[in-house]
Amino acid sequence: VIAADAGRNSVSLRNNQHFYVTQAAAVDSGNNNSRSLRTGIARPFNSRAFSRLKSHASELCELRAINERIEEADTDTRTYILIDGSLMTRMMPTPRKLEISSDSDIVLELVNEFSRLLNKVMNDGNLVLAGVSKDSNSSLLNRAVIEKNEQMTLQEMTEEESESAEIHRQG
């Protein structure tokens, strides 16, 4: 399994300029990791454009980290690649430039990096790409999984105690 996640932050400067930082890490089940970092200063024409820039920059970092991890990983066995589910759907629309002073072509970079990932998956039969999405019901799922795990653990403990008692009676 290879999984990735990204984060971002920004600071407003003078003259409608904004400094942003995005970073991502991809980690495999052997605890090997790859990282990606992107920084920049932009002057957006509107707040929506800057929000999209930060989002695209973190997605780009995530894809770069995943692609690097795949290149370094041993994919002789089935390898599941877990990415942000929104990346799967975001690549469907026609890419267009952002209304921003710098990095306006980041969408094209994002599409190219996603294409690299898709090519790797299509050319290596052991790679399986899966988009993972979190929603408001995820806490319900987490609770259900934890409760099921607790029930199974209690059942195993009860079975072990029964076996132990049986051994003592026979002994």
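**Exercise 1.** How much area does the protein chain expose, and what share of it do carbon and sulfur atoms supply?

*Solution.* The structure is a predicted model, in which local features need pLDDT of at least 70 and side-chain atom pairs count only at pLDDT 80 or more, while totals for chains, interfaces and linings use all residues. Residues are numbered from 1 along each chain as its sequence is written, and side-chain values use heavy atoms, with hydrogens and water left out. With the Shrake-Rupley method and a 1.4 Å probe, where for residues only the protein chains shown count as cover, the protein chain exposes about 11,200 Å², and carbon and sulfur atoms supply 48% of this area.

**Exercise 2.** Determine the order of the strands in the sheet and identify its edges.

*Solution.* Start from the elements, which are DSSP runs numbered from the N terminus (helices H or I, at least four residues; strands E, at least two): the protein chain has four helices and five strands, in the pattern β-β-β-α-β-α-α-β-α. Next, pair the strands, for which DSSP must find at least two bridges between them; the result is an open sheet of five strands with mixed pairing and the order S3-S2-S1-S4-S5. The edge strands, each pairing on one side only, are S3 and S5 (127–132).

**Exercise 3.** Describe how strand S1 is joined to strand S2.

*Solution.* S1 (residues 2–12) and S2 (residues 18–28) run antiparallel and are joined by eleven bridges, and within this arrangement Arg8 stands opposite Thr22 in S2.
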